[in-house]
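Here are a few short exercises to work through with the structure open beside you. Try each one yourself before reading the solution.

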Amino acid sequence: MAYNLLKGKRGIIFGALDEKSMAWKVAERAHEEGATFTLTNTALALRMGVINQLGEKCNAQIIPADVTVVEEVENVFSQSMEMLGGKIDFVMHSVGMSPNVRKKRDYTDLDYGFYAKTIDISAMSLHKVLQSAYKLDALNECASVLTLSYIAGQRVFPDYSDMAEAKAMLESIVRSFGYHYGTKKKVRVNSISQSPTKTTAGSGVGGFDAFFNYAEKMSPLGNASADECADFCIALFSDLTKKVTMQNLYHDGGFSNMGVSAGVMGSFME
Ligand SMILES: NC(=O)c1ccc[n+]([C@@H]2O[C@H](COP(=O)([O-])OP(=O)(O)OC[C@H]3O[C@@H](n4cnc5c(N)ncnc54)[C@H](O)[C@@H]3O)[C@@H](O)[C@H]2O)c1
């Protein structure tokens with residue numbers, strides 16, 4: 001159902017890789033809600049070609065950029081303002097990658113070059129996005145910037161490895177930049193801490209299926225899907241949430257406040 005919640009708003013969406021991506025679903029919903037926006041991902045992701053289908057469907061132009069390279073991020077903002085005809089009202093940062101996870105390095109045997117890359121891509125890149133926007137004065141008053149986090153930023157999930165530190169840092173950048181951008185231009189900065197979701201990044205984490213099923217059994221409302229995550233993002237981009245900022249908002253069916261559920265207990269009954 002569409003409510004025209006983003007009518008007249010201009011946005012930038014980082015991180016749509018394929019139709020399973022959270023950012024892909026956000027783009028589809030933002031389009032339904034009347035927004036115009038650009039899409040951006042790495043040149044490598046663009047070469048896979050599927051993002052063109054999303055661009056056509058949403059009438060969105062695609063700009064290649066590596067989020068770790070400041071000049072490329074700045075270019076995304078300058079080009080987007082030109083293409084869309086004005087300053088930006090919402091930014092979706094839906095980016096994450098750990099070479100240590102990808103190469104199945106154990107947490108007690110991390111490669112520190114990879115570790116730095118994890119932090120750069122998955123956390124520092126949000127600072128690069130925000131600082132580029134700030135310096136170029138690319139955002140409108142009350143614009144909304146969102147990123148996606150995971151509860152491993154606060155609690156231990158062994159296979160999440162160095163992504164746990166990346167998420168903890170990401171959530172800290174949300175608070176710190178949220179202060180600066182809030183006082184300067186009433187810009188909102190928030191993270192959504194999402195349930196395990198079957199995407200390329202999600203499924204790359206060791207033992208993902210067990211993880212997913214455990215969270216499903218533990219959460220009173222069950223796991224939140226990528227489509228439901230997109231709905232929440234739209235609400236946070238809309239004018240209905242203008243005073244929500246500097247928050248890490250759990251979108252996890254209640255998982256984060258659980259100790260144990262009857263469903264999980266059932267698996268241990270003798
Ligand atoms: N899937 C889950 O279970 C889950 C749960 C909570 C949070 N998240 C977070 O959601 C976000 C989106 O992930 P997803 O699950 O939709 O998976 P995804 O694999 O579809 O998206 C990750 C995106 O990051 C992009 N990316 C990687 N390196 C990049 C770089 N250097 N520059 C620009 N883009 C780069 C990839 O191309 C891809 O589009 C990530 O931050 C992830 O950690 C995922």
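One cut-off before we start: a residue counts as buried if 20 or more other C-beta atoms lie within 10 Å of its own, as exposed if 12 or fewer do, and as partly exposed in between. Also keep in mind that this is a predicted model.

**Exercise 1. Work out whether Ile62 is buried, partly exposed or exposed, and describe its surroundings.**

Solution.
- Step 1: Start with the count. Ile62 has 15 other C-beta atoms within 10 Å, so it is partly exposed.
- Step 2: Place Ile62 in the fold. It belongs to strand β3, residues 62-64.
- Step 3: Look across to the partner strand. β3 pairs with β2 in the parallel sense, over three bridges, and the residue opposite Ile62 is Leu39.
- Step 4: List the contacts. Leaving out residues up to four places away in sequence, Ile62 touches Leu39, Thr40, Leu46, Ile51, Asn52 and Gly55.

**Exercise 2. Trace the sheet and find which strands stand at its edges.**

Solution.
- Step 1: Write down the strand order. The open sheet has seven strands, β3-β2-β1-β4-β5-β6-β7, with parallel pairing.
- Step 2: Check the ends. β3 and β7 (248-251) each have a single partner strand, so one side of each lacks a neighbour in the sheet.
- Step 3: Add the twist. On average, neighbouring strands are turned by 20° against each other, direction ignored.
- Step 4: Add two helices. α4 (residues 70-84) packs on the sheet, where it touches β1, β2, β3 and β4, and its direction makes about 150° with that of β2. α10 lies across β4, β5, β6 and β7, at about 165° to β6.

**Exercise 3. Decide how covered α1 is, and by what.**

Solution.
- Step 1: Count. Eight of the eleven residues of α1 are buried, making this helix mostly covered.
- Step 2: Name some of them. The buried residues include Met22, Trp24, Lys25 and Arg29.
- Step 3: Find the cover. It includes β1, β2, α3, β4, β5 and α10.
- Step 4: Step past the helix end. Just after α1, Gly34 takes a positive phi of about 95°.

**Exercise 4. Describe the shell around the ligand.**

Solution.
- Step 1: Of the 26 residues around the ligand, the nearest are Ser21, Gly96, Thr199, Ala201 and Gly202.
- Step 2: α1, β5 and α8 each give two or more residues to this shell, and α8 gives the most, with three.
- Step 3: Sort by class: twelve are nonpolar, 13 polar and one charged.

Technical notes
Residues are numbered from 1 along each chain as its sequence is written. This is a predicted model: local features need pLDDT of at least 70, side-chain atom pairs count only at pLDDT 80 or more; totals for chains, interfaces and linings use all residues. A residue is near a molecule or strand if its C-beta atom, placed from the backbone, lies within 6 Å of it. Helices (H or I, at least four residues) and strands (E, at least two) are DSSP runs, numbered from the N terminus. Ala, Val, Leu, Ile, Met, Phe, Trp, Tyr, Cys and Pro count as nonpolar, Asp, Glu, Lys and Arg as charged, and the others, Gly among them, as polar. Two residues are in contact if their C-beta atoms, placed from the backbone, lie within 7 Å. Two strands pair if DSSP finds at least two bridges between them. Axes are lines fitted to C-alpha atoms, for helices over the stretch in contact, and angles run from 0 to 180 degrees between N-to-C directions.
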